[in-house]
Amino acid sequence: MARTKSENFDDIRATILDVAASLFAKNGFRNTNIIDIGAACNASKSRMYHYFPSKEAMLAEMLGEHVSALVAIASDLVSAPIDPRTRLRNYFLAHLKYYYEQRDRHTVLIEDVYHLPEEVRAQVNANEQKLVGFLCALLREINAQKFKDRQAATTHAMLMYGMLNWTYTWYQPTGRLSLETLADQASDMCLHGIV
């Protein structure tokens, strides 16, 4: 007889994904198995399979949701009726906050995305391209002449994403460098140069 879903089925799944993200970020996807995740959740292997058929399914769901949520956030920011330079700063701040709040998932995205099934990886890549497109459009608003060429806009957007995506490797919210200050510095650097 098949198990019925509990009232808190979705909450349990969300908790499992959080635990899995933490373990994948700490130990790597390849070095973590469903038994490890179950042990961290105080759940048996069979109970884990009630919620997810595999650790690959966990990875697919967590990274698909992670990037889709960022697309939704970014979409709202780029269409805000304010000065495009302010939108760029807000765009950076939203990414930095999201990456910090979702540090484990972001780490897994950067380090283990190649473990996704091909169709899920293609969807994640498509959403990442949407994000690059948002940033390209914003750059064209700021300087239409400089970024009229698609390749120039894309190159600059990718450089900016390179800067944002890797902050998780070094940033700690201690001392005077808040996320707001970091976003100010990043946008100032992109708008005015380093020196």
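This passage walks through a predicted model, going from a helix crossing to a few individual residues and then to the aromatic rings.

A good place to begin is the meeting of two helices, α4 and α6. Helix α4 spans residues 55-78, and α6 covers 103-112. Their axes come within 10 Å of each other and cross at roughly 110°. Because angles of 65 to 115 degrees count as roughly perpendicular, α4 is described as roughly perpendicular to α6. On the α4 side, the residues taking part are Leu 59, Met 62, Leu 63, Glu 65, His 66 and Val 67. They meet Arg 105, His 106, Val 108, Leu 109 and Asp 112 of α6. Sorted by class, this contact contains 6 nonpolar, 2 polar and 3 charged residues.

Just after α6 in the chain comes a loop that leads to α7 (118-142), and Tyr 114 is found in this loop. The side chain of Tyr 114 reaches back to the backbone oxygen of Glu 111, at 3.4 Å. Tyr 114 has a relative accessible area of 47% and is therefore partly exposed, since the exposed class begins over 50% and the buried class lies under 20%. Tyr 114 can also be placed relative to Ala 94: the two are 20 residues apart in sequence, and their C-alpha atoms are 25 Å apart in space.

Another residue worth finding in the structure is Arg 89, which belongs to helix α5 (residues 84-101). Its contacts reach to residues with much higher numbers in the sequence: leaving out residues up to four places away, Arg 89 touches Glu 180, Ala 183, Asp 184 and Ser 187. With Glu 180 there is also a polar contact, in which the Arg 89 side chain reaches the backbone oxygen of Glu 180 at 3.4 Å.

The aromatic rings complete the tour. Across the whole structure, a search finds 5 aromatic pairs. One of them joins Trp 170 and Tyr 171, whose ring centres are 6.1 Å apart. The planes of these two rings stand at 85° to each other, an edge-to-face arrangement. Ring pairs also link Trp 170 and Tyr 171 with Tyr 100 in a cluster. How accessible are the two neighbours, Trp 170 and Tyr 171? Trp 170 has 48% relative accessibility and so counts as partly exposed, whereas Tyr 171, with a relative accessible area of 3%, is buried.

Notes:
Residues numbered from 1 in each chain as written. Predicted model: local features only at pLDDT ≥ 70, side-chain atom pairs only at ≥ 80, totals over all residues. Heavy atoms only, no water. Helix = DSSP H or I, 4+ residues; strand = E, 2+ residues; numbered from the N terminus. Polar contact = N/O pair within 3.5 Å; in protein donor to acceptor, adjacent residues only side chain to side chain. Contact = heavy atoms within 4.5 Å. Buried < 20%, exposed > 50% of the residue type's maximum accessible area, 1.4 Å probe, protein only. Axes fitted to C-alpha atoms, helices over the stretch in contact; angles between N-to-C directions. Parallel < 35°, antiparallel > 145°, perpendicular 65-115°, else oblique. Nonpolar A, V, L, I, M, F, W, Y, C, P; charged D, E, K, R; others polar. Phe/Tyr/Trp six-rings, centres within 6.5 Å; stacked < 30°, edge-to-face > 60°.
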